[in-house]
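Visitor: Please give me a close look at a single part of this model, and then follow its surroundings outward for me.

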Amino acid sequence: MKIRYLIFIAGITFFLATIIPSSIISKSALASQTQSSEKHPDATDHSPSLSSQPINLYWTIPLIPGSIFVPGLAHYIRGEPKIARRFFRSGMGSILTALTGGVVLGLTGAADAVILPTVPLVLLGLTSWFSLSFADVVGATLFDSKPKHYSSNFDLDLEVFYRFRRINDYFFDTNAYHQVGGAYWFDNKVILLTLERNTEGNIIHYDSDFGLRLADYYSSHKREGFYFHIGYSHEDNLVGYYSVDTIHYKAKSILNLAALGSHLSSIDISHEVGIQQHFINYHTPNFDGIESNTGLIGGFDLSWTVANWLKPAVGYIHERDSSISTLTSGFVGVYYLELKAALADRYLVSTRGFLGNSKVFELAIESSIQRK
Amino acid sequence: MVLTACTDLKDKRASKDVVIGQLENQYINFKTEQGILNIVYADQNMIELRAGSPEYAAKLTNKTSNDLSIKFVVSNILAGHKIQIDGTEVNELEQMDKKKSWELVVLANATVSIETVQNQTEAFGFLAFGDIQNGIEDFDDVVNVLNQQDQVDFILFLGDLTMNSDSEEFQKIEEAFAKISLPIYSTPGNHDVRDADRYHAYFGKASYSWTYKGVRFTSVDSASWTLSKSTWEQYKSWLQQAKDQTHIVFSHIAPTEPFGLRGGHWRSRREANAFIAESSRWHVDAMFYGHLHTLDIYSLAGIPVYLSGGGGAFQEYFDGIERHFLKVGVNPEKSDISVSIIRVD
């Protein structure tokens, strides 16, 4: 288990080892740019204007060592030091969060008493660091200076969906799951209900979740804010002779990146971390009773509304209570790539693939409406 | 940080398990039929094996048209280990610590059966612990306390012998284990399978099941935080075979741990719960796990679970225990299992 900490330290070392040469390279690149009279409001006076920088150079930003690991470096290279500083400060906050948890974990050998406060800190810190770095590189590489506003098909009040998940749970001789559900966003609340069933019909999972927005951020996005969620799920597993009742609590943050730079208004990042408490009711000839244990939930999602009809996303999920649970392990979850597309007004299709050798594939059809 | 790539490694280990203990060359065909034998070396004059179980049965076929005189060497054996060749007990040629050799004369194109003299169903004891890793530097302390234990027949090692499964680490483990007077039967840990071939070369199978004095012992390879499909199928068949025996299951990573936030359990909660339910359904009497560097005693679907990772690897603090191992007494006629904790520090 300690190898994870070594990897983390190695990542920090790499970050420190590359930021210096990256900065030197970036300053040389900027020195060769021509000045423009039109300034972006986030640019400082001595930096070249964004609109004057040749767009065909931006693709080189991810190639510069350290740009992927240092939030803000990509925008600094692009000549946006103010935005770079915002990313960098947020990134350092993430690192500090992860280090706080990680150091305590490491020093105590992951003692029971410190697990609950520290592991969520590590998870939150690392996922936010990664998502900020990714958003920095994507924003600096692909976006020009002007914010774009789309009348989005993607964030309407009522969503109803059907998902098909192709996943091989060979211990149950089952290959696929159907999931139906919906989410309703109203005022500062959200309710989510899902029902998942495998194709053989002997694993049935109900899930309910209620979220309350406790704080707004910049209100540039109607779902933006800090939420607290509580939920209950029940699973009947006739194959494995048990049922499970789970209560979960989680904190979730949805942030539109216009907070860091107005040209990033089409990027949303969400992070969540939480705890789930399971009550497993075994029904075997030798034991008919309930045992309990706990688990983590967490992850992040970084989505980009490219157009009214197209929204890719990359994310990381650590979840144990559904068909996705086969993919996660310990502290570590699994990355996914998602593509949502609007087929017609209010109808979306999305597909999600999970990385590695998971062989999991998800296809969803969703319909959304907005309240008048 | 994508560990899903590990899901194929578990399948490779399961495939490797099938061929361990089997050998065919131009001179002989050797096939292990019961128990675990890991082939260390073989030529036309000698075959050296490491026992992965207290008892075993095998067949050796002479493929040549000449009679062969073969030195049969087995290490990691129980005290008082004796074998029969074609049903007749034979005296050993040489005897060293935990190793014996015999002279086998195999006629041209003939097959001999080799099997250990069976032990009677009776009460016995064994030791169990896991997670040595960086603790190998101070392992002599643990060896001294292990060697002081009496009325125990062997040691179950619960995984994570090494940090990175490199050859130098395995060599140190071999040297340390040579100082222990008891044979050691191991299950692989997540650190041991970074080079799984090396683990197999030293310790043989990852998933297996055998009977000793009327008690069934089953190891399942959970080193990838999940079981392979073939291991699952094997496990279900072993459960059914052992339904009337006292059955002890051991592995490295517990399907679920008592305090679930340390990541010390399987990647799929559904798989974990299914494993527990199946084990309970078929009367598993006790489970032993490692991976967490502490001691936890709890139950899963009524099955007592002993999680002991006190072999010396980075210890968990504030848990009231440091290096330790478990001393287990088993009475198969009464299906009685008693466990006591032996502290090294």
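Guide: Leaving aside residues up to four places away in sequence, B:Thr256 touches A:Asn293 from chain A, along with B:His265, B:Arg269, B:Ala272, B:Asn273, B:Ile276, B:Tyr298 and B:Leu300; contact here means heavy atoms within 4.5 Å. This is a predicted model, where local features need pLDDT of at least 70 and side-chain atom pairs pLDDT 80 or more, while totals for chains, interfaces and linings use all residues. Residues are numbered from 1 along each chain as written, chains are lettered from A and ligands numbered from 1 in the order written, and side-chain values use heavy atoms without hydrogens or water.

B:Thr256 sits in the loop that joins strand 17 (246-250) to helix 6 of chain B (helices are DSSP runs of H or I with at least four residues, strands E runs with at least two, numbered from the N terminus). Its relative accessibility is 2%, so B:Thr256 counts as buried (under 20% relative accessible area, with exposed over 50% and partly exposed in between, using a 1.4 Å probe and protein chains only).

Helix 6 of chain B leads us on to the largest nonpolar core, to which this helix gives the most, with five residues. A core is a set of buried Ala, Val, Leu, Ile, Met, Phe, Trp, Tyr and Cys residues joined through side-chain atoms within 4.5 Å. This one has 43 residues, and A:Tyr282, B:Tyr235, B:Phe275 and B:Met287 touch the most other members. Elements giving two or more residues include strand 7 (267-284) of chain A, and helix 5 (229-241) and strand 19 (295-300) of chain B. B:Tyr235 touches B:Phe275 and B:Met287, and its other partners include B:Thr218, B:Val249 and B:Ser279, again not counting residues up to four places away in sequence. A second, separate core has 26 residues, among them B:Ile132, B:Val145, B:Tyr202 and B:Phe203.

B:Tyr202 and B:Phe203 also belong to helix 4 of chain B, where they and other residues meet helix 3 of chain B, including B:Phe170, B:Ile173 and B:Phe177. Helix 3 (residues 167-178) and helix 4 (residues 196-203) of chain B pack at about 20 degrees, with axes 11 Å apart.

As for chain A, which supplies A:Asn293 to our starting point, it has four helices and twelve strands. Buried residues make up 55% of its 372 residues.

Notes:
Axes fitted to C-alpha atoms, helices over the stretch in contact; angles between N-to-C directions.
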